[in-house]
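Colleague: I would like to learn how to read sheets and a ligand site in a model like this one. Could you take me through it?

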Amino acid sequence: MRRVAVFGSTGSVGVSTLDLLARRPDLRVAVLTGGRNVALLARQAVLHGAELAVTAHEECYRPLKEALAGTGIAVAGGPAAVVEAGYVPADWAMSAIVGAAGLAPGFAALSQGKVLALANKESLVTAGPLLLAEARAQGATILPVDSEHSAVFQALRHEDMAAVETVTLTASGGGLRDWPIERLAHATPDEAGRHPNWDMGQRITIDSASMFNKAMEVIEAHEFFGLAPEQVAVLIHPQSLVHALVAFRDGAVMAHLGAPDMRHPIGFALNWPHRADLPVARLDLARAGRLDFSQPDLVRYPALALAQQVMRTGGAAGCVFNAAKEIALDHFIARNIGFLDMAAVVESVLERFDGLSRAPQSLAEVLAIDAEARAQANRVAQARAGKH
Ligand code: NDP
Ligand code: MG
């Protein structure tokens, strides 16, 4: 029986993944990892008959152990235990931890030489070349799960990469899309944390409002598909029905459409290389009526300009960008800094970071750069705190 592991099972993508797995008695859920939501992790582990449940936090180990007492399910806790879980045999693993914390477990899961379904975009942004090289070395396959990247991947099936001119990722524009620009500085985490079309975790939802999410995805596409910076474009598309478009040298454009439901890209990765039934709403274009597109405004969304800078710099820039963004987001959620300060913090850290264009050569180097960028971002954010 095919065995699967879900990293970040208690999150938005994790729950959608388990929803699909519950309909697949032919697959065995071997490993689940979560964070602080111990009650949900324990329920999931029992419901899916997992062999091992891991919380990423040492202090959550005991409550998890108690919740699973007498079930026969093995329990572990702490960041190292999450990475260890990557070495438990599994034919298919979902990487759905949020943030750079998902990087090391994903690397570990590649050692299986099987399939890694990658929702954790931070892995490609912080360490794209290393991650792809590891997959090649281990004979493993990485399948993109970010909806736009799954869409591109599907549009590129049986196509020659040399024939690709551009790839366009669509963006809803997030929860603050229609706000006047002068109001943005005063947006609260609650306001930025409401998404018009997608139901996602809090962090990625705020990143959608600032377009840091799209900036990450541009870098993700550049890394995963080997595209030049000028080959990756973004269009605002409020309906979120077209997920991505691939334009070819002969003038043809292949677009991927579908209802905004993560169970499509997750299910595509689960069924790959085949297609099979998925419980997602069917697209009804007559009902949708119209599809709108517009150019994003780089003044409103400075994160998109930063993504271009990161791709052109290469080296450690993606890692620094992501780490600084994660810290800036922490400070915004804690209401220490304003909505627009997030981009200012990231820009400042990128400007001053020593050795930005030098590429890290190992996972350990990536983690060291990540830690240094976080420390610098904390200093910059603290200096701005209270001034918004
Ligand atoms: P959520 O915040 O909903 O869930 C994150 C998961 O990671 C939870 O299981 C959480 O545990 C766990 N987690 C949090 N911190 C840590 C840590 N330090 N170490 C280990 N595990 C941790 O995130 P999403 O599901 O929204 O997103 C997951 C990833 O997928 C992100 O990289 C995101 O960018 C990407 N993605 C998400 C999409 C979506 O629709 N949500 C779409 C495309 C990509 P707990 O909650 O128990 O603390
Ligand atoms: Mg996406």
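What follows goes through two sheets, the helices lying across them and the surroundings of a ligand.

Modeller: Keep in mind that this is a predicted model.

Colleague: How do strands of a sheet pair, and what is the strand order in the open sheet of 7 strands?

Modeller: In general, strands pair through backbone hydrogen bonds, in either a parallel or an antiparallel way. Here the order is β4-β3-β2-β1-β5-β6-β7, and the pairing is parallel. β4 (74-77) and β7 (141-144) are the edge strands, each pairing on one side only. From one strand to the next, the twist averages 20°.

Colleague: How many bridges join β2 to β3?

Modeller: Strand β2 (residues 27-34) and strand β3 (residues 52-55) run parallel and are joined by 4 bridges. For one residue pair to look at, take G34, whose bridge partner in β3 is T55.

Colleague: Which strands does helix α1 lie across?

Modeller: Helix α1 (residues 12-21) lies across β1 (2-7), β2 and β5 (92-95). Its direction is at about 160° to β1. Helix α1 also matters for reading the ligand site: α1 and α6 (121-138) each supply at least two residues of the shell around ligand 1.

Colleague: How many residues surround ligand 1, and which are the closest?

Modeller: The shell has 24 residues, with T10, S12, V13, R36 and E122 the closest. Sorted by class, it holds 10 nonpolar, 10 polar and 4 charged residues.

Colleague: Which backbone atoms should I inspect for polar contacts with ligand 1?

Modeller: Start with G11, where a polar backbone atom is 3.1 Å from an oxygen atom of the ligand. For G35, the corresponding distance from a ligand oxygen to a polar backbone atom is 2.9 Å, and for V98 it is 3.4 Å. As for cover, ligand 1 on its own has 900 Å² of accessible area, and the protein covers 84% of it.

Colleague: What is the pairing in the sheet of 4 strands, and which strands stand at its edges?

Modeller: The order in this open sheet is β9-β8-β10-β11, with mixed pairing. β9 (232-236) and β11 (253-257) each have a single partner strand, so one side of each has no neighbour in the sheet. Neighbouring strands are turned by 20° against each other on average, direction ignored. Strand β8 (residues 164-171) runs parallel to β9, with 5 bridges joining them; L169 stands opposite V234 in β9.

Colleague: Where does helix α7 lie?

Modeller: Helix α7 (residues 147-155) lies across β8, β10 (242-248) and β11, and runs at about 40° to β10.

Notes
Residues are numbered from 1 along each chain as its sequence is written. Chains are lettered from A and ligands numbered from 1 in the order in which they are written. This is a predicted model: local features need pLDDT of at least 70, side-chain atom pairs count only at pLDDT 80 or more; totals for chains, interfaces and linings use all residues. Side-chain values use heavy atoms; hydrogens and water are left out. Two strands pair if DSSP finds at least two bridges between them. Axes are lines fitted to C-alpha atoms, for helices over the stretch in contact, and angles run from 0 to 180 degrees between N-to-C directions. Contact means heavy atoms within 4.5 Å. A residue is near a molecule or strand if one of its heavy atoms lies within 4 Å of it. A polar contact is a pair of N or O atoms within 3.5 Å; within protein, one must be able to donate a hydrogen and the other to accept it, and residues adjacent in sequence count only if both atoms are side-chain atoms. Accessible areas come from the Shrake-Rupley method with a 1.4 Å probe; for residues, only the protein chains shown count as cover. Ala, Val, Leu, Ile, Met, Phe, Trp, Tyr, Cys and Pro count as nonpolar, Asp, Glu, Lys and Arg as charged, and the others, Gly among them, as polar.
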